[in-house]
Amino acid sequence: MSDNDFIEIKFFAEKVHAHHWPLDTPKWSDLIIKQVDEHLNNKEKKQLVIKGDSVLIDNYEFKNITKVGITIPLFKKECTMVFEGCFEKFYAHVHVTTKAKDYLEIFNKLMHWRSRYFSDSLLP
């Protein structure tokens, strides 16, 4: 995929888990925790749309993304992405796992996206 071909990445995730992080950012209220648990951290598939330097998971748009990690776990036919980002004014650590048949293609697209928008993601 060339840089000119990159518009957006869309796929469904079987698992999404978001939680407050880093610890030195404002704590989430009980209402925000409840909303995130009900809308993101449940067992329903979620659509992801990755465009530019933001990630949209259903109605939650994450910006200010850092520390993007993408992996294919050993002995599993799935792709996992982990990142830190901000939705509204709340900071989060987010895990996304897809078990789609084209998980390898999704992995390659995510790696291209990471190298294009987050060149420092590989640095310690």
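**Exercise 1. Place Lys 63 in the chain and describe its surroundings.**

Solution. Lys 63 belongs to strand 5 (residues 60-71); helices (H or I, at least four residues) and strands (E, at least two) are DSSP runs, numbered from the N terminus. The model is predicted: local features need pLDDT of at least 70, side-chain atom pairs count only at pLDDT 80 or more, and totals for chains, interfaces and linings use all residues. Residues are numbered from 1 along each chain as its sequence is written, and side-chain values use heavy atoms, with hydrogens and water left out.

Next, consider exposure. Lys 63 has a relative accessibility of 42% and therefore counts as partly exposed; buried means under 20% relative accessible area, exposed over 50%, and partly exposed in between (1.4 Å probe, protein chains only).

Then list the neighbours. Leaving aside residues up to four places away in sequence, Lys 63 touches Ser 54, Gly 85 and Cys 86, where contact means heavy atoms within 4.5 Å. Between Lys 63 and Gly 85 the C-alpha to C-alpha distance is 5.6 Å, although 22 residues separate them in sequence.

**Exercise 2. Which residue meets the side chain of Lys 63 in a salt bridge?**

Solution. Begin with the rule: a salt bridge is a side-chain nitrogen of Lys or Arg within 4 Å of a carboxyl oxygen of Asp or Glu. The partner is Glu 61, at 3.5 Å from N to O. Glu 61 is partly exposed, at 36% relative accessibility.

**Exercise 3. Examine further salt bridges and locate their partners.**

Solution. By the rule, the count comes to seven salt bridges.

Step one: Lys 51 and Glu 8 form such a pair, with 3.9 Å from N to O. Lys 51 lies in strand 3 (residues 46-51) and Glu 8 in the segment before strand 1 (9-13), so the pair ties together parts that are 43 residues apart in sequence. Both are partly exposed, Lys 51 with a relative accessible area of 47% and Glu 8 with 30%.

Step two: Glu 105 and Lys 109 form another salt bridge, at 3.3 Å from N to O. The two residues lie in helix 2 (residues 103-117), four residues apart, which is about one turn of the helix. Glu 105 is partly exposed at 42% relative accessibility, and Lys 109 is partly exposed at 28%.

Step three: salt bridges with shared partners link Glu 8, Lys 10 and Lys 51 into one network.

**Exercise 4. Describe the protein chain as a whole.**

Solution. Start with the elements: the protein chain has two helices and seven strands, in the order β-β-α-β-β-β-β-β-α from the N terminus.

Turn to its dimensions. A compact globule of 124 residues would have a radius of gyration near 14 Å, and the value of 14 Å for the protein chain agrees with this; the radius is taken over C-alpha atoms, and the globule rule is 2.2 Å times the number of residues to the power 0.38. Along the principal axes, the C-alpha atoms fill a box of roughly 40 × 30 × 25 Å.

Finally, consider packing and charge. Of the 124 residues, 41% are buried. Among contacts with a separation of 6 or more, 59% join residues 24 or more positions apart. The mean positions of the 18 positive and 18 negative charges are 4 Å apart; Lys and Arg count as positive and Asp and Glu as negative, while His and the chain ends are not counted. The place of a charge is taken as NZ of Lys, CZ of Arg, CG of Asp or CD of Glu.
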